[in-house]
Amino acid sequence: MSVGARPLGHIEQNVVRIALVHDKQGKALVLVPAHALLNLASLWRLTGRQLQPVSCGDAQRFFTQDGLKTPWGQQQLMEMPLIIDSAIDQKQKVELWEPYTGLRFKVRDGWLKNSEHAGPLGLSSELIREHTPEQSDAEAITRALEHFSALRVRQRLEDTLSLPGFSQTTQKLIMLRGEPDANLDDLLKVIKLDAPVCAQVMSWAASPYYAAPGKVESLEDAVIRVLGFDLVINLALGVAMGRIMSLPENMLRGGTPFWFQSVSLAVFADHLARLVQTDDKPKPGLVYLSGLLHNFGYLLLSHLFPAQFSTLSRYIEANPHLSYTLVEQQVLRLTREQVGAWLLENWSLPEPVCVAVRRQDEPNYTGKFAEYPQLISVAIRILRELGYCDGPVEPVSTSDLIRVGLTPELKEVAVEAFLSSQEQLQELTRLFAHAETK
């Protein structure tokens, strides 16, 4: 299951979003303009209660009840305690929309009479961006840390983000991943010098999934006969990332598992990259690495802001129709793309990968190495439609595909290849998660 809103299309002025919230006192419905971010802090101040959004799964189960397809059931829904944004004109005819399920229906006279509270609850995207100052990523990270830190003195950014870097072996693997002329001999020379990596490769090759004929006798046998160049590098890099930072608690409830989402995007983006028909087509190896690391900044946010990370997750659940970038700017004044790209730059990853991670939420980006974030953006949106990535669903247009050197027909070829590789995706995810716990 993925966490994200079904597309609303053009948002009319009279469309109002429903959010189901709860606490120990019971459930309530919050009504805010469809385009707005539900500000939980404002909700808590207005009601004097620590109301939380229900999980993605609970929202889907609640709003897909058969009774809600009828006017009678919809009227019964409106009998619940209501908390209404003061920006909503209750004298106008409004249409209600629930983003997790796409439920939509028109409100009839008298249905909003159970309003217990009314006040300013929503924030527009324009207002959020207006309060986001123009500054470098390093400045944004420092200011965000100072805002939340108990310390009142400024610390050096490098000291604050004191995370372990990559091993020498991992750095060499990254270089090989981005080198189109690298071969199996180059790979073997690197991994032979690192005993833990050798042991891990032998373990993968012996996995029942690969069903290698005969016994795997040597490292050369494991790499050449069973696993192959691309798979060994991709597995090793993913495991290295997982060992640097563990998965946080209080992630999105009911969302796509972190490693499955990362592996899915890496594999699918790689399929797309190999079909691109332009002169400046991106290198599939770097596209794969970009997909694998695209959400690493989310893990980093949990490390930098452990006390606020749970609140951030609840905000995302309360606003599934909005981009994570917008929600994170409101809650932390900082985004996963900013911190993720900053750290990857400091670890000296290839520049196209850093650009892809930083600009993945900017489909119209035209700067240096723009072909990488543009392709990752397309891949993410397609996988959201298929239910493999979390986030708001935004259909990919023909012009989006043409911009990155693809066509609707080539997109379908990539989708078919991806959907036929489900067993491989599950096994790769299992190997990543297993290695992370070692």
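**Exercise 1. Find which residues of helix α18 are buried, and decide how the helix sits in the structure.**

Solution. Start with the list: in α18, Pro352, Val353, Cys354, Val355, Ala356, Val357 and Arg358 are buried. Here buried means under 20% relative accessible area, with a 1.4 Å probe and protein chains only. Seven of the eight residues of α18 are thus buried, so the helix is largely enclosed by the rest of the structure. Helices are DSSP runs of H or I with at least four residues, strands are E runs with at least two, and both are numbered from the N terminus.

A word on the source: this is a predicted model, in which local features need pLDDT of at least 70 and side-chain atom pairs count only at pLDDT 80 or more, while totals for chains, interfaces and linings use all residues. Residues are numbered from 1 along each chain as its sequence is written, and side-chain values use heavy atoms, leaving out hydrogens and water.

**Exercise 2. Describe how α13 packs against α18.**

Solution. Two packed helices are described by the angle between their axes and the distance between the axes.

Step 1: the axes of α13 (residues 284-293) and α18 (residues 351-358) come within 9 Å and cross at roughly 40°. Axes are lines fitted to C-alpha atoms over the stretch in contact, and angles run from 0 to 180 degrees between N-to-C directions.

Step 2: α13 and α18 are therefore oblique to each other; angles under 35 degrees count as roughly parallel, over 145 as roughly antiparallel, 65 to 115 as roughly perpendicular and the rest as oblique.

Step 3: on the α13 side, Leu286, Leu289, Ser290 and Leu293 make the contact, and α18 brings Pro352, Val353, Ala356 and Val357. Contact means heavy atoms within 4.5 Å.

**Exercise 3. Do the same for α18 and α19.**

Solution. Step 1: α18 and α19 (residues 371-386) pack at about 45°, with axes 8 Å apart.

Step 2: this pair is therefore oblique too.

Step 3: Pro352, Val355 and Ala356 of α18 meet Tyr372, Pro373 and Ile376 of α19.

**Exercise 4. Place the helices in the whole chain.**

Solution. Step 1: count the elements, and you get 22 helices and nine strands.

Step 2: turn to burial, where 57% of the 438 residues of the chain count as buried.

Step 3: look at contacts between residues at least 6 apart in sequence; 71% of them join residues at least 24 apart.

Terms used
Buried < 20%, exposed > 50% of the residue type's maximum accessible area, 1.4 Å probe, protein only.
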